[in-house]
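Here are my notes on the pockets of this model, set out as numbered points. Please read them with the structure open.

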Amino acid sequence: MGGEKKFGVLLCAEDSDYIKKRYGGYFGVFVEMLAEEGETWDVFRVANGEFPDDDEIAEFDGFVITGSCNDAHGNDVWICRLISLLKKLDSLKKKVLGICFGHQILSRALGGKTGRAVSGWDIGVTTIHLSSSSSKFFSSLEIPTTLPIIECHRDEVRELPPKAEVLAWSEKTGIEMFKYGSHMMGIQGHPEYTQDILFHLIDRLTQRGYIEDWYGDELKAKLEEVEPNKDAWKNLCASFLKDRL
């Protein structure tokens, strides 16, 4: 047991029937991308009010905050509670990786500002450009300077927390990635997503009237043209979370 690492997924979304059946829920998607032999992974359904106890937090080496249908600038009870938890994790210098909503709520907890994206929805595979700061941060990894990633969001980080650094940007989003110290990092895109998950989400967005049917069809057609660099993202996320940079 001595050297076994323990990680927690702070689940901010409800699992759809499709995700449950195909992956065992979003927790299963993250475990598939990040888990390695000899590690323990737990899930906390924070959107349902399930949080780690204060005395439990010390047992964990790091946490991942998932995406969500909720707005990171909202003030739901669980969102306010999550912000308090993230402030605590910062004070303890725990490793935290925020994805999409997780990226935005992490920025907010640390003093940044989030809101609706000026450029509207970004759905599909987006090429992001790594900054010079990221070259230093990821110097031990062989990471290309541009990386395609699956995106599905209409909110964004508008203003970074004090002392945070931009790690990547895209033509549509100025803050695609940021780091705060060496223990907290946010990624606006979804390194954990596969093409079928995004297809499923596009269907749900059209069914709920968030996007038009014709736009959903157009997005699906474009998805056939470009692949995200899943291996590079897996390497980058795991190396950060497990302190291998």
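1. The largest pocket holds about 670 Å³ of space. Bear in mind that the model is a predicted one, and the volume is a computed value taken from it.

2. The lining of the largest pocket is made up of 29 residues. Those that lie nearest its centre are Ser68, Cys69, Asn70, Cys152 and Leu201, and these are the residues to display when locating the pocket on screen.

3. Which elements give two or more residues to the lining of the largest pocket? There are three helices and a strand to look at: α2 (26-34), α5 (101-109) and α7 (195-207), together with β7 (146-153). Of the contributors, α7 gives the most, with three residues.

4. By residue class, the lining of the largest pocket has 14 nonpolar, eight charged and seven polar residues.

5. The second largest pocket contains about 330 Å³ of space. Its lining comprises 17 residues. Nearest the centre of this pocket lie Asp122, Ile123, Gly124, Val125 and Thr126.

6. Where does the largest share of the lining of the second largest pocket come from? The strand β6 supplies it, with seven residues. Both β6 (122-130) and the helix α8 (213-223) provide at least two lining residues each.

7. Sorted by class, the lining of the second largest pocket consists of seven nonpolar residues, five polar ones and five charged ones.

Note on methods: Residues numbered from 1 in each chain as written. Predicted model: local features only at pLDDT ≥ 70, side-chain atom pairs only at ≥ 80, totals over all residues. Heavy atoms only, no water. 1 Å grid on protein atoms, 1.4 Å probe; cavity = no way out; pocket = protein on both sides within 12 Å on 5 of 7 lines; lining within 4 Å. Points joined across faces, edges and corners; volume = space filled by probe spheres on them. Helix = DSSP H or I, 4+ residues; strand = E, 2+ residues; numbered from the N terminus. Nonpolar A, V, L, I, M, F, W, Y, C, P; charged D, E, K, R; others polar.
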